[in-house]
Amino acid sequence: MPTVKLTPANLEKATEGRVLVISGAGLSADSGLQTFRGAGGLWRNCDPMTLATPEAFARDPKLVWEWYLWRRTEAAKAAPSAAHKALARLVTHSRDSLIVTQNVDDLHERAGSPPEKLVHVHGDLFLNRCQHCDYTARDPINQADLPPRCPKCPRGLLRPGVIWFGEMLNLAVLGRIENFIGRGDCGLVVVVGTTATFAYIVDWALRAKGASGLLLEINPEQTPLSELADVVYRERAINILPRLLGS
């Protein structure tokens, strides 16, 4: 059970050390984006969980692209919340810090988080990449010409640059996370807006905390990490982080 009473003094002490932030869909929900598994997450009577797979793309790439173009439009309309901005200030001023986000939107970047202190573990919603070659780009996709073809290789289809269910995580991204954790214990680990259902989220949080760090969870719901955290806030990030870290 959480046992630490968070005070301005011990929070300040924790932020003087290394800082790891792990963020999930609940953080983007504060900007108006639907959570992936949320009750409002249906589109054209399709379950998003059935669209975010290689099998769905092979079966109907046009339908999958229509969904992802809709998601891009929704993400582009959203604005970073005060919680995104508080986290951006935290990692900007920390001597050694990293945000590991499960979100594929660009709200962390638009809030001011430095790119060198940010990794997208589940990919990038706005990136297009070829299925058959190394081509990647952020060029706009023409809604009238779906599915889009790769301009570099004759038989390649472009796909969204996200990690689908059943696919391996990007090894370069994993390497950045492992290198960061391997450099030593963090004074502060913040896990915000994620259900922590993937075992690697819990693993990263606990290993980064090490023997002496402060593990803070912010989530309205109980998660597998809750019993292991030092401090738990059962509230939305937008109601807590600006107050904790400065609005």
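## Close-up views of the predicted model

**Figure 1. Gly246, just after helix H10, takes a positive phi of about 100°.** Like every view in this set, this close-up shows a predicted model. Helix H10 spans residues 237-245, and its buried residues are Ala237, Ile240, Leu241, Pro242 and Leu244. Leu241 will come up again in Figure 4, where it is listed among the members of a core of 24 residues.

**Figure 2. Helix H9 keeps its buried residues on one side.** Which residues of H9, running from 199 to 209, are buried? They are Ile201, Val202, Trp204, Ala205, Ala208 and Lys209. These residues lie on the same side of H9 because the arc they cover around the axis is only 165°. What covers the buried residues of H9? The cover includes strands E1 (19-23), E2 (97-101), E7 (188-192) and E8 (214-218), together with helix H8 (171-182). Have a look at the residue that follows H9 as well: Gly210 has a positive phi, near 65°.

**Figure 3. Strands E4 and E6 pair in the antiparallel sense.** The pairing of E4 (residues 123-130) with E6 runs over five bridges. To find your way along the pair, start from Cys130, which stands opposite Leu158 in E6. Strand E6 covers residues 158-162 and is mostly covered itself, with five of its five residues buried.

**Figure 4. The largest nonpolar core holds 28 residues.** Which of its members touch the most others? Val64, Trp65, Tyr68, Leu158 and Trp164 do. Helix H4 (54-59), helix H5 (61-77), E4 and E6 each contribute at least two residues to this core. H5 gives the largest share, with six residues. Apart from this core lies another one, made up of 24 residues, including Ala14, Val21, Leu87 and Leu241. As a general background to this view, nonpolar side chains in soluble globular proteins tend to be buried together.

**Figure 5. Trp164 and its aromatic partners.** Zooming in on Trp164, and leaving aside neighbours within four places in sequence, we find it in contact with Ala52, Thr53, Pro54, Phe57, Val64, Tyr68 and Arg159. The search for aromatic pairs across the whole structure finds five. One of them is Phe57 with Trp164, a tilted pair at 5.4 Å centre to centre and 40° between the planes. This pair links distant parts of the chain, as Phe57 sits in helix H4 and Trp164 in the loop between E6 and H8, 107 residues apart. Phe57 and Trp164 are both buried. The ring pair of Phe198 and Tyr200 counts as stacked because the planes are at 5°, with centres 5.3 Å apart. Phe198 is partly exposed at 26% relative accessibility, and Tyr200 is also partly exposed, at 22%. Returning to Trp164, ring pairs join this residue with Phe57, Trp67 and Tyr68 in a cluster.

**Figure 6. Arg18, Asp96 and Arg183 are linked in a network of salt bridges.** The structure holds 13 salt bridges. In the one between Asp96 and Arg18, the closest N and O atoms are 2.7 Å apart. That pair brings together distant parts of the chain, with Asp96 in the loop between helix H6 (82-93) and E2 and Arg18 in the loop between helix H1 (8-15) and E1, 78 residues apart. Are these two residues buried or exposed? Asp96 counts as buried because its relative accessibility is 17%, under the 20% limit. Arg18 is buried as well, with a relative accessible area of 5%. Asp96 also forms a salt bridge with Arg183, where the closest N and O atoms are 2.8 Å apart. Here too distant parts of the chain are linked: Arg183 is in the loop between H8 and E7, 87 residues from Asp96.

**Figure 7. Glu167 and Arg159 form a salt bridge.** Their closest N and O atoms are 2.7 Å apart. Glu167 is partly exposed at 24% relative accessibility, whereas Arg159 is buried at 4%. Arg159 was met earlier as one of the contacts of Trp164.

**Figure 8. Val19, in strand E1, is buried at 0% relative accessibility.** Which residues does Val19 touch, not counting those up to four places away in sequence? The contacts are Leu90, Ser94, Asp96, Ser97, Leu98, Phe180, Cys186 and Leu188. Val190 is 171 residues from Val19 along the chain, yet their C-alpha atoms are separated by 7.9 Å.

Notes. Residues numbered from 1 in each chain as written. Predicted model: local features only at pLDDT ≥ 70, side-chain atom pairs only at ≥ 80, totals over all residues. Heavy atoms only, no water. Buried < 20%, exposed > 50% of the residue type's maximum accessible area, 1.4 Å probe, protein only. Helix = DSSP H or I, 4+ residues; strand = E, 2+ residues; numbered from the N terminus. Pairing = 2+ DSSP bridges. Arc of directions from axis to C-beta. Contact = heavy atoms within 4.5 Å. Core = buried A, V, L, I, M, F, W, Y, C linked by side-chain atoms within 4.5 Å. Salt bridge = Lys/Arg side-chain N within 4 Å of Asp/Glu carboxyl O. Phe/Tyr/Trp six-rings, centres within 6.5 Å; stacked < 30°, edge-to-face > 60°.
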